[in-house]
Amino acid sequence: MTDNPAPDSRDVAVLREELARLREEAHHLRAQVRTRPLISHAQGILEERYRLPDGEAAFALLRIASQHHNVKLRVLAEAVTRSPRPEGRGTTWFSGPSTQPPPSLESIGLAATDNADRATVLSGVLSQTLAVVGAGMGNVQIADPAAEGLRIVQHTGLNARFVEHFAVVSDGTTSCARAAEEAALTTVHDVATDPAFSEPDRRAILLAGSRACHSIPLVDEDGSCVGVVSAHLARPTADLHPAQVKALDSVGHEVGRWLGWQERGVLREALEHLHVLGRRSLGGGS
């Protein structure tokens with residue numbers, strides 16, 4: 001009786017790549033299932049408001065505005081469903097000033113005159129958080145209303161399995177979800193013993209080399225959590241020093257206000273563009 005031959009390393013690599021592809025595909029399919037009712041609702045609103053012939057025409061307007069302003073379709077659709085109806089038959093959707101000055105980002109070393117973009121701010125908040133905590137691993141998540149959870153948008157030092165496993169977090173069993181729900185800094189002193197984690201979550205975190213975590217909410221001016229930045233440590237940890245807590249609180253509030261400001265500005269521009277396109281379909285000109 002002969003032993004079964006060991007699998008070729010190339011075959012194993014191909015299988016792992018295929019498994020990762022299938023998992024990513026499943027994730028996208030689940031996201032589509034969650035997003036479809038939201039987009040359908042927005043289509044119905046636009047179809048009625050601008051007397052469009054059908055839902056496909058409404059979807060076309062959404063897609064054009066989404067692509068032009070680089071706003072995800074589901075985010076724009078949610079804004080349509082939540083924003084107040086345009087008043088009368090005016091040429092603009094919103095009244096009042098179209099822009100406000102950007103909030104300060106001094107806590108991550110950016111001046112108000114730097115005209116920072118979103119990628120720069122997200123990279124800055126992660127770097128500053130890791131510097132304050134003294135950690136080499138971390139990630140930034142942004143609140144994704146369509147997915148009803150937190151979505152990873154920046155990370156460093158964490159393996160692919162971790163990023164895939166926590167691509168979207170939608171429950172309160174992780175430190176980031178708890179930080180978002182409570183809008184307060186959350187510390188996990190030892191991932192291996194913390195009872196709040198599910199076993200699959202605990203395993204994914206430990207395999208990434210993380211034994212402790214500090215999660216800091218990014219809080220908008222209205223107190224809502226628009227994201228979370230987390231610093232992971234290779235060993236169990238104690239509570240942060242008060243000076244560290246103060247510095248991280250400043251980071252969380254400044255970056256949260258900036259993200260809220262930026263999202264409101266870009267979304268407003270996209271909605272105004274959508275309104276122009278809709279009025280054209282009514283014969284309202286440009």
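These questions and answers walk through a predicted model of the protein.

Student: How many helices and strands does the protein have?
Tutor: Start with the order of elements. From the N terminus, the run is α-α-α-α-β-β-α-β-α-β-α-β-β-α. The totals are eight helices and six strands.

Student: What share of the residues is buried?
Tutor: Buried means under 20% relative accessible area. The accessible surface comes to about 15,600 Å², and carbon and sulfur atoms hold 52% of that surface. Of the 286 residues, the buried share is 42%.

Student: Among contacts with a separation of 6 or more, what percentage joins residues 24 or more positions apart?
Tutor: Contact here means heavy atoms within 4.5 Å. Take the contacts in the protein with a separation of 6 or more; the part from residues 24 or more positions apart is 61%.

Student: How many residues of strand β5 are buried?
Tutor: Check both sides of the strand, residues 212-219. Ala-212, His-214, Ile-216 and Leu-218 point one way, and all are buried. Cys-213, Ser-215, Pro-217 and Val-219 point the other way, and they are buried too. The count is eight of eight.

Student: Which strands pair with β5?
Tutor: β4, residues 186-188, pairs with β5 in the antiparallel sense over three bridges. In that pairing, Thr-187 stands opposite His-214. On β6, residues 225-233, the sense is also antiparallel, over eight bridges, with Leu-218 bridged to Gly-227. The partners are β4 and β6.

Student: Which residue in the turn between β5 and β6 has a positive phi?
Tutor: β5 and β6 form a hairpin, with five residues between them. In the turn, a phi of about 90° belongs to Gly-223.

Student: Which side chain makes a polar contact with that of His-214?
Tutor: His-214 lies in β5 and is buried, at a relative accessible area of 1%. It touches residues including Val-133, Thr-186, Thr-187, Val-229 and Leu-240. The polar contact is 2.8 Å, and the partner is Thr-187.

Student: Is Thr-174 buried or exposed?
Tutor: Thr-174 sits in the loop between β3 and α6. Beyond neighbours within four places in sequence, Thr-174 contacts Phe-166, Val-169, Phe-197 and Asp-201. Its relative accessible area is 3%, and the cut-off is 20%, so Thr-174 is buried.

Student: How far apart are the end C-alpha atoms of helix α2?
Tutor: α2 covers residues 55-69, which makes 15 residues. At 1.5 Å a residue, the expected span is 21 Å. The model agrees: the ends are apart by 21 Å.

Student: What arc do the buried residues of α2 cover?
Tutor: An α-helix has 3.6 residues a turn, so residues three or four places apart point the same way. The buried residues of α2 are Ala-58, Leu-61, Leu-62, Ala-65, Ser-66 and His-69. They lie on the same side of α2, because their arc around the axis is only 125°.

Student: Which exposed residues does the opposite face of α2 carry?
Tutor: Look at the face turned away from the buried side of α2. The exposed residues there are Glu-56, Gln-67 and His-68.

Student: Which residue follows α2 with a positive phi?
Tutor: Begin at the start of α2, where a side-chain oxygen of Asp-54 reaches to within 3.2 Å of the backbone nitrogen of Glu-56. Then go past the end of α2. The phi there is positive, near 55°, and the residue is Asn-70.

Note on methods. Residues numbered from 1 in each chain as written. Predicted model: local features only at pLDDT ≥ 70, side-chain atom pairs only at ≥ 80, totals over all residues. Heavy atoms only, no water. Helix = DSSP H or I, 4+ residues; strand = E, 2+ residues; numbered from the N terminus. Buried < 20%, exposed > 50% of the residue type's maximum accessible area, 1.4 Å probe, protein only. Areas by Shrake-Rupley, 256 points an atom, 1.4 Å probe, with all protein chains shown as cover. Pairing = 2+ DSSP bridges. Expected span 1.5 Å × (residues − 1). Arc of directions from axis to C-beta. Polar contact = N/O pair within 3.5 Å; in protein donor to acceptor, adjacent residues only side chain to side chain.
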